[in-house]
Amino acid sequence: MNSAHLLSAQEAREALEDGSLTSEELVESCLARIDELEESIGAWVHIDKELALQQAQEADAIRRDGKACGALHGIPIGIKDIIDTSDYPTERGSALFRGRTPYADATLVSLLRESGAIILGKTVTTELAVLSPGKTRNPHNIEHTPGGSSSGSAAAVACAMVPLSVGTQTNGSVIRPASFCGVYGFKPSFGRISRQGVLLQSAPLDTIGVYARSLADLALIADVLIRFDRQDPVMKPSAPPAITQVMAEEPAFAPRFAFVRTPKWDQVDESSKDGFRELIESANLDADNSTIDIIDLPEFFDGLYQDHQNVMEADLALNYAQQYEEGKDLISAVLREILERGQKVLATDYNGALNRMLEYQECLDEIFEKYDAIITPSTFGAAPAGLESTGSPAMNTIWTFCGNPVINVPLLQDPQGLPVGVSVVARKGDDARVFRSTRWLLEHLDN
C-alpha cells in the first residue's frame, strides 16, 4: 500500500497538480487503507471499488487532456448515508429504507462532483440520524463511541481512510464526533449549505457539516459547498464567503476571545476543565494584547435546552410519522420514545421556542460585539467507553439552536490519550471569520 492516503486534501491537491500523484493512485491507497481497518472500525456502509476507481481514472484523463479542474479534482470524499447519491444507495441507517436508491444527487453531492471530487462511498449514520448507534467504532480506542450521528464520516477521516467527508447536525452530530475522533469539524451558520436531497429531521435546525484533518482542508471543502440553492427554502442569495482567502488574511487587531462555560459546565469532566484552564492561561501569557476572558451566559439560556428538545422532537415526530405508523417494529426503542414525546409537544411550546430562538441569538450577538469568537468545550470530555450510546450532544445545543458557525479543533487529550475537542464559535453569518480566528489562535498557541 502506498502512503498517499496520509496526505491532507491540500497536499493531495498539490501532488495531483504537479503530476507526482494520480487520482487513481490516491483512491487505490484510500481503498487499501479501508481494507486494512474497516473490519475493526466499521466506518462505511456502501463502497463500490470499481466505481470509485472509474471516477478516479476519468479525473486523471480530464487532467491529462488539459481541461479545467475544480478545487477538489481527483480527491476522494465520504458522504453520510442520509445524503442522496444517484450511484450509491442511501439507506439512512434504518431497515425501513434498505435498498433505497435515489434517482438524483443531493445538491451538495452535485457541487462536489462539479469540483471534481471522487465520491468514494457512503459512511455510517446512526438510525435515521438520531441516537441509536451504527456499527462504527472510535479509531483511537475501538471500545469507545465515535459519537453520532455522523459517526462514520468522522471516523473515516480520523483513520485516514479518506481526507474529507460530509456529515449533518441537528443537535451535536458533527461537532461531537469530531471531538471524540480527534479531527477538525465545521458546522457552518444555519442555512449556508444546501439540504436539498438530505433526510429532513427538523427544518429550523438541520445543518450540513464537514470533516478534515486540517483547518485548511476544512476551508477547502467549505468553499466548494457554500453556494446558494433555491431548492432549500431557508437559504438566501449571498456572495460566497471566500473562507480560504479570508482565513489567510491577518486581522487588523489581535482577536479577542471569550471562554463561555455554558449552563452545562458542571457536567464537563475534571481533566477537560484542567485542559481548558491551561489553554486560557497559555493564551493570556502572550504579549500580543490578546486575551481569553471567562464569561457566563445569562440565566435565560438555561431554558434553551428544553426549547431545542421541543422543536427537534416535535419535528422528528412530524417528519417520521409515516415510519412510526407503518414500521414501528423496525424502529429502535430509543427512537420510538423520542417520537412519542414529540407527538405530545404543544403548539404553544413549539412556537414559543422558535420565538425565543431570536432572543437567544440577540443575546449572543451582544457578546460578539465585544469578542471575535467564543471558545468552549465541544463535549463533556473524551469519548465514553461502550458502544450503546453516542455520548451527550449538550455542549453543542446552544450553537445549533442559534445557528452559529462552529469549528471543532482537536487540541486536548484526556489522561488516557483520547482526544478532547475545543469549539471555536462565531456570530451567525461570520463563517469566514471563525476560520480566521481559529487559524490565528492555533498559530498563537504554537508560538
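1. Let's start in a strand. Ala258 sits in β7, the strand that covers residues 257-260. Keep in mind throughout that this is a predicted model. Is Ala258 buried or exposed? Its relative accessible area is 0%, and anything under 20% counts as buried, so Ala258 is buried. Leaving out residues up to four places away in sequence, Ala258 touches Ile292, Asp293, Ile295, Tyr371, Ala373, Ile374 and Ile375. For a sense of distance, try Ser40: Ala258 and Ser40 are 218 residues apart in sequence, and their C-alpha atoms are 40 Å apart in space.

2. Now go back towards the start of the chain and find His5. His5 belongs to the segment before α1, the helix of residues 9-18. With 3% relative accessibility, His5 counts as buried. Which residues does His5 touch, not counting residues up to four places away in sequence? They are Leu26, Ser29, Cys30, Arg33, Ala160 and Arg213.

3. Next comes α1 itself. The buried residues of this helix are Ala9, Gln10, Ala12, Ala15 and Leu16. A bit of background helps here: an α-helix has 3.6 residues a turn, so residues three or four places apart point the same way. Try picking out such pairs in the list for α1 when you turn the model. Those buried residues of α1 pack against α2 (23-41), α3 (49-64), β4 (164-169) and α7. Just after α1 you'll meet Gly19, which takes a positive phi of about 85 degrees.

4. Since α7 has come up, have a look at its partner α15. Helix α7 covers residues 215-225 and helix α15 covers residues 431-446; they pack at an angle of about 170 degrees, with their axes 11 Å apart. Angles over 145 degrees count as roughly antiparallel, so α7 is roughly antiparallel to α15. On the α7 side, the contact is made by Leu215, Leu218 and Ala219. On the α15 side, Phe435, Thr438, Arg439 and Leu442 make the contact. Sorted by class, the contact residues of α7 and α15 come out as 5 nonpolar, 1 polar and 1 charged.

5. Time for some backbone oddities. As a rule, most residues other than glycine have a negative phi, and most peptide bonds are trans. Arg92 goes against the phi part: it is not a glycine, yet it has a positive phi of about 60 degrees. You'll find Arg92 in the loop between β2 (76-80) and α4 (107-114). Arg92 is also buried, with a relative accessible area of 13%.

6. Ala129 is another one to check. Its phi is near 60 degrees, which is a positive value in a residue other than glycine. Ala129 lies in the loop between β3 and α5, and at 6% relative accessibility Ala129 counts as buried. Stay in that loop for Ser149, which lies between β3 (118-123) and α5 (151-158). What kind of peptide bond joins Gly148 and Ser149? The bond is cis, with omega at about 5 degrees.

7. On to the pockets. The largest pocket holds about 400 Å³ of space. It is lined by 26 residues, and the closest to its centre are Leu131, Asn171, His308, Met312 and Pro393. Two elements, α10 and α12 (333-343), give two or more residues to the lining of the largest pocket. Which element supplies the largest share of that lining? The answer is α10, with 6 residues. By class, the lining of the largest pocket has 10 nonpolar, 12 polar and 4 charged residues.

8. The second largest pocket comes to about 270 Å³ of space. Its lining has 13 residues, of which Phe190, Gly191, Val234, Met235 and Lys236 lie nearest its centre. The lining of the second largest pocket divides into 7 nonpolar, 2 polar and 4 charged residues.

9. One last stop is Pro298. Pro298 is in the loop between β8 (292-295) and α10 (304-319). With a relative accessible area of 40%, Pro298 is partly exposed. How far apart are the C-alpha atoms of Pro298 and Pro263? They are separated by 9.1 Å, while the two residues are 35 residues apart along the chain.

Conventions:
Residues are numbered from 1 along each chain as its sequence is written. This is a predicted model: local features need pLDDT of at least 70, side-chain atom pairs count only at pLDDT 80 or more; totals for chains, interfaces and linings use all residues. Side-chain values use heavy atoms; hydrogens and water are left out. Helices (H or I, at least four residues) and strands (E, at least two) are DSSP runs, numbered from the N terminus. Buried means under 20% relative accessible area, exposed over 50%, partly exposed in between (1.4 Å probe, protein chains only). Contact means heavy atoms within 4.5 Å. Axes are lines fitted to C-alpha atoms, for helices over the stretch in contact, and angles run from 0 to 180 degrees between N-to-C directions. Angles under 35 degrees count as roughly parallel, over 145 as roughly antiparallel, 65 to 115 as roughly perpendicular and the rest as oblique. Ala, Val, Leu, Ile, Met, Phe, Trp, Tyr, Cys and Pro count as nonpolar, Asp, Glu, Lys and Arg as charged, and the others, Gly among them, as polar. On a 1 Å grid over the protein atoms alone, a cavity is a set of points where a 1.4 Å probe fits but cannot get out, and a pocket is an open set with protein on both sides within 12 Å along at least five of seven lines; lining residues have an atom within 4 Å of a point. Grid points are joined across faces, edges and corners, and a volume is the space filled by probe spheres set on the points.
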